[in-house]
Amino acid sequence: MAIISTPRLTLSLFQFSDWSFFQKLRECPEVMRYMGDIAPAKDTRLLFARRLAAQHTFVIREHNNPTPLGDIGLQISHLYPHEADLGYAILPQAQGKGIASEAVLAVCQYAFEHAGVKAINAYALADNKGSIRILEKTGFVRTQVLEKAYEIDGIAYDDWVFRLEHDVLKL
């Protein structure tokens with residue numbers, strides 16, 4: 001079982017016992033306002049089942065604390081196995097404490113050193129200033145703006161595309 005450790009965080013693969021946390025995260029309006037519409041329960045269960053089967057998707061916790069703070073993961077392309085997409089979500093009470101930045105750095109380092117990835121892509125809505133700050137702070141560079149390309153609750157948003165190359169990771 002893959003476990004990633006940082007100075008204060010443990011990132012571990014999803015377990016069945018993480019269901020209530022995952023449901024809470026995916027039903028939280030503050031979290032989902034930049035990710036998408038809150039899905040029906042059956043769709044959230046299917047997404048959770050995919051998290052359980054995924055090789056590179058982790059629950060974020062502080063060391064010696066069983067309470068999950070968020071999740072983070074990589075989707076490695078089957079067509080281009082040297083590229084991955086990064087996604088993460090942090091509960092509101094854990095935001096603004098550097099947890100996402102620390103987890104992003106750790107997962108990117110893991111991707112480059114253990115998963116054979118050479119480049120990582122991430123997407124953030126233009127309105128998601130916190131996520132944009134995290135990506136830029138960790139070395140990601142904005143490469144593209146997809147105008148009005150992402151819709152949440154009937155509103156179209158610009159989606160910004162970021163990229164991190166293996167040799168740019170800020171440790």
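Helices and strands are DSSP runs, numbered from the N terminus, with at least four residues for a helix and at least two for a strand. The structure on display is a predicted model.

**Stop 1: the loop between H1 and H2**

Please begin by selecting Cys28, which is found in the loop between H1 and H2. Cys28 counts as buried, at 14% relative accessibility. Display its surroundings next: beyond the neighbours within four places in sequence, Cys28 is in contact with Ile38 and Pro92. For a sense of scale, add Glu113: the C-alpha atoms of Cys28 and Glu113 are 33 Å apart, with the two positions 85 residues apart in sequence numbering.

**Stop 2: helix H1**

Move to helix H1, residues 19-26, and colour Trp19, Phe21, Phe22, Leu25 and Arg26, which are buried. Turn the view until it looks down the axis of H1: the buried residues fall within an arc of 160°, so they line one face of the helix. What covers these buried residues? The covering elements include H2, H3, S3, S4 and S5. Keep Phe21 selected and add Phe14, Val31 and Val59; these residues are among the members of a second, separate core of 12 residues.

**Stop 3: strand S3 and the loop after it**

Select Thr57 in strand S3. Thr57 is buried, with a relative accessible area of 8%. Not counting residues up to four places away in sequence, Thr57 touches Ser12, Leu13 and Phe14, as well as Arg51, Ile72, Gly73 and Leu74.

Continue to Asn64, in the loop between S3 and S4. Is Asn64 buried or exposed? At 83% relative accessibility, Asn64 counts as exposed. Its backbone also merits inspection: Asn64 has a positive phi of about 60° although it is not a glycine.

A companion case is Lys148, in strand S7, residues 141-152. Phi of Lys148 is near 50°, again a positive value in a residue other than glycine. Lys148 is exposed, with a relative accessible area of 57%.

**Stop 4: the largest nonpolar core**

Next, display the side chains of Leu11, Ile72, Leu86, Ile120 and Phe140. Of the 37 residues in the largest nonpolar core, these five touch the most other members. Which elements give two or more residues to this core? They are strand S2 (9-13), strand S3 (57-62), S4, S5, H4, S6, H5 and strand S8 (155-165). H4 gives the most, with 10 residues.

Centre the view on Phe140. Leaving aside neighbours within four places in sequence, Phe140 is in contact with Leu86, Val104, Cys108, Ile120, Asn121, Ala122, Leu135, Phe162, Arg163 and Leu164.

**Stop 5: two positions on helix H4**

Ala100 is found in helix H4. Ala100 is buried, with a relative accessible area of 10%. Beyond its neighbours within four places in sequence, its contacts are Tyr88, Ile90 and Ile134. Adding Gly70 shows a residue that is 30 residues away in sequence from Ala100, with the two C-alpha atoms 8.3 Å apart.

Gln109 lies in helix H4 as well. Is Gln109 buried, partly exposed or exposed? Gln109 is partly exposed, with a relative accessible area of 28%. Select Ile4 together with Gln109: the pair is 105 residues apart in sequence and 9.8 Å apart in space, C-alpha to C-alpha.

**Stop 6: helix H5**

Ser131 is found in helix H5. Ser131 counts as buried at 10% relative accessibility. Not counting residues up to four places away in sequence, Ser131 touches Tyr88 and Ala124. Tyr88 was also listed among the contacts of Ala100 in H4.

**Stop 7: the largest pocket**

Rolling a probe the size of a water molecule over the atoms shows where empty space is left. The largest pocket has a volume of about 1500 Å³. To find its centre, select Met35, Leu86, Gly87, Tyr88 and Ala89, the closest to the centre of the 49 residues that line the pocket. Which elements each supply at least two residues of the lining? They are helix H2 (29-32), helix H3 (41-53), strand S4 (68-76), strand S5 (83-90), helix H4 (99-114), strand S6 (119-125) and helix H5 (129-137). Colour the lining by residue type to finish: it divides into 24 nonpolar, 14 polar and 11 charged residues. Leu86 links this stop to an earlier one, as Leu86 is one of the contacts of Phe140.

Technical notes. Residues are numbered from 1 along each chain as its sequence is written. This is a predicted model: local features need pLDDT of at least 70, side-chain atom pairs count only at pLDDT 80 or more; totals for chains, interfaces and linings use all residues. Side-chain values use heavy atoms; hydrogens and water are left out. On a 1 Å grid over the protein atoms alone, a cavity is a set of points where a 1.4 Å probe fits but cannot get out, and a pocket is an open set with protein on both sides within 12 Å along at least five of seven lines; lining residues have an atom within 4 Å of a point. Grid points are joined across faces, edges and corners, and a volume is the space filled by probe spheres set on the points. Ala, Val, Leu, Ile, Met, Phe, Trp, Tyr, Cys and Pro count as nonpolar, Asp, Glu, Lys and Arg as charged, and the others, Gly among them, as polar. A nonpolar core is a set of buried Ala, Val, Leu, Ile, Met, Phe, Trp, Tyr and Cys residues joined through side-chain atoms within 4.5 Å. Buried means under 20% relative accessible area, exposed over 50%, partly exposed in between (1.4 Å probe, protein chains only). Contact means heavy atoms within 4.5 Å. The arc is that of the directions from the helix axis to the C-beta atoms.
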